[in-house]
Amino acid sequence: MRIYKTTDPAEAVAFAAGCIGPEGHEGLDIFFNTGVFLQTGVTNTSDRDAARELGIPVWQAEHLGGSIVCFPGDLSLCLTTWGNRLPDFGEACMEAAEGLLREAGAAVARDSNDVLADGKKVASWARATTRDGWVQTVVHFSVNTDLELIRHICTKPMKKIPGQLSDYGITANDILARIGPEMEAWK
């Protein structure tokens with residue numbers, strides 16, 4: 001399995017797309033976000049034009065899920081496997097976030113594929129399978145957020161208020177360090 005680390009959204013997108021492309025390969029894309037970036041699916045859950053007008057790069061994937069506005073300091077992971085070879089990846093990532101939050105004294109809850117800290121969404125994951133049999137599991141950790149910017153860009157009614165792991169002193173590196181031992185098993 002190839003592991004690719006980047007701070008560039010275009011590189012992160014290109015690597016993830018290459019994993020399921022004609023010359024596909026298993027890979028783990030580790031994206032440390034350094035700017036604001038909009039990830040969205042095929043459903044209409046964000047104002048992509050408003051994002052572009054603000055100079056925010058937009059990546060539209062083929063998944064049916066909603067949109068995520070990524071901020072500097074956030075961590076996103078995209079695991080691509082042939083078939084559902086590592087079905088526990090998303091869960092393991094959420095458990096890592098939950099452990100860090102509990103250690104920081106937060107009230108932690110799980111709501112489906114989301115982790116909530118003191119009632120605010122700080123981490124989530126999703127999985128999609130391509131027609132060719134590739135499985136991509138994406139995970140996002142909200143280290144920093146700008147609620148007003150999210151409200152400006154996202155058009156889907158907000159069911160969970162976004163929060164940020166930085167309120168608990170948690171960084172992207174802290175998350176990756178907690179997940180790191182698991183990564184050896186994922187290879």
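## Buried and exposed

A residue is called buried when its relative accessible area is under 20%, exposed when that value is over 50%, and partly exposed in between. With that in hand, here's a first look at this predicted model: buried residues account for 45% of the 187 residues in the protein chain.

## The overall build

Start with the parts list. The protein chain has five helices and ten strands. Lay it along its principal axes and the C-alpha atoms fill a box of roughly 40 × 40 × 25 Å.

How does the radius of gyration fit a compact globule? A compact globule with 187 residues would come out near 16 Å, and the protein chain has 16 Å, so the two agree. Now look at how the chain meets itself: take the contacts between residues at least 6 apart in sequence, and 62% of them join residues at least 24 apart.

## Surface and charge

On the outside, the accessible surface of the protein chain comes to about 9,100 Å². Carbon and sulfur atoms own 50% of that surface.

As for charge, there are 17 positive and 25 negative charges in the protein chain. Their mean positions are 4 Å apart.

## Aromatic pairs

Search the whole structure and three aromatic pairs turn up. One of them is Tyr4 with Phe15: the ring centres are 4.9 Å apart and the planes sit at 10 degrees, which is why the pair counts as stacked. Because Tyr4 lies in strand E1 (residues 2-6) and Phe15 in helix H1 (residues 9-19), the pair ties together parts that are eleven residues apart in sequence. As for cover, Tyr4 is partly exposed at 26% relative accessibility, while Phe15 is buried, with a relative accessible area of 14%.

Another pair is Trp82 with Trp134. Here the ring centres are 5.0 Å apart and the planes stand at 80 degrees, so this pair is edge-to-face. Which parts of the chain does the pair link? Trp82 belongs to strand E6 (residues 75-82) and Trp134 to strand E10 (residues 134-141), distant parts of the chain with the two residues 52 apart. Trp134 has 11% relative accessibility, so it counts as buried.

## A stop at Asn173

Last on the tour is Asn173, which you'll find in helix H5 (residues 172-186). Is Asn173 buried or exposed? Its relative accessible area is 53%, so Asn173 is exposed. If you'd like a landmark, try Ser142: Asn173 and Ser142 are 31 residues apart in sequence and 13 Å apart in space, C-alpha to C-alpha.

Methods
Residues are numbered from 1 along each chain as its sequence is written. This is a predicted model: local features need pLDDT of at least 70, side-chain atom pairs count only at pLDDT 80 or more; totals for chains, interfaces and linings use all residues. Side-chain values use heavy atoms; hydrogens and water are left out. Rings of Phe, Tyr and Trp (its six-membered ring) pair if their centres lie within 6.5 Å; planes under 30 degrees apart count as stacked, over 60 as edge-to-face and the rest as tilted. Helices (H or I, at least four residues) and strands (E, at least two) are DSSP runs, numbered from the N terminus. Buried means under 20% relative accessible area, exposed over 50%, partly exposed in between (1.4 Å probe, protein chains only). The radius of gyration is taken over C-alpha atoms; the globule rule is 2.2 Å times the number of residues to the power 0.38. Contact means heavy atoms within 4.5 Å. Accessible areas come from the Shrake-Rupley method with a 1.4 Å probe; for residues, only the protein chains shown count as cover. Lys and Arg count as positive and Asp and Glu as negative; His and the chain ends are not counted. The place of a charge is taken as NZ of Lys, CZ of Arg, CG of Asp or CD of Glu.
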